[in-house]
Amino acid sequence: MKHLHHIGMVVKNINETIAFYDDNLGFKLKDRWINPQNGAKIALLEKGELTCEIIEYVKNPFVETGVYNHMAITVDDVEQKIEEFQKKGICLREGIPREIMQGRGKIVFCYGPDGEMIELYQRMDGSAEGRVE
């Protein structure tokens, strides 16, 4: 195994999800198409090396929407993101970040438009590197 290729997520409304991830998390639309076999709308969103495949099944979805535990995104300032998200009315699981990795990082969770959990991770030493545990 070399690396994570992408995270796939089934959503209710592909346009709403693309806008949410672009406006609030900085993901950019890389590609978009319709699966000719089942009519599913599919988009690839990218941020750095992370790719999310967003799928909206038009008929007969076989998976619930928003299904995966969470995805973690590195941010420069968790408190700033909390404030920004609160102003936009984005649902946060908690309004206060918590420290992880023995104080080397801090996190907060928010929810995307389909209820998917998104972890915002800040490395405490100021670097953008680090593994979320």
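This report describes a four-stranded sheet and the two helices packed on it in a predicted model.

Residues are numbered from 1 along each chain as its sequence is written. Because the model is predicted, local features need pLDDT of at least 70 and side-chain atom pairs count only at pLDDT 80 or more, while totals for chains, interfaces and linings use all residues; side-chain values use heavy atoms, with hydrogens and water left out.

The sheet is open, with strand order 5-8-7-6 and mixed pairing. Strands (E, at least two residues) and helices (H or I, at least four) are DSSP runs numbered from the N terminus, and two strands pair if DSSP finds at least two bridges between them. Strand 5 (70–74) and strand 6 (98–100) form the edges, each pairing on one side only. On average, neighbouring strands are turned by 35 degrees against each other, direction ignored. Axes are lines fitted to C-alpha atoms, for helices over the stretch in contact; angles run from 0 to 180 degrees between N-to-C directions.

Contact means heavy atoms within 4.5 Å. Both helices pack on the sheet as follows.

| Helix | Strands touched | Angle with strand 8 |
|---|---|---|
| Helix 1 (residues 14–25) | strand 5, strand 7, strand 8 (117–123) | about 15 degrees |
| Helix 2 (residues 78–88) | strand 7, strand 8 | about 145 degrees |

Strand 7 (residues 105–111) runs antiparallel to strand 6, joined by three bridges; Glu99 has Lys106 as its bridge partner. Seven bridges join strand 7 to strand 8, also antiparallel, and Cys110 is partnered with Ile118. Six of the seven residues of strand 7 are buried (under 20% relative accessible area, 1.4 Å probe, protein chains only), so this strand is largely enclosed by the rest of the structure.

Note on methods:
Buried means under 20% relative accessible area, exposed over 50%, partly exposed in between (1.4 Å probe, protein chains only).
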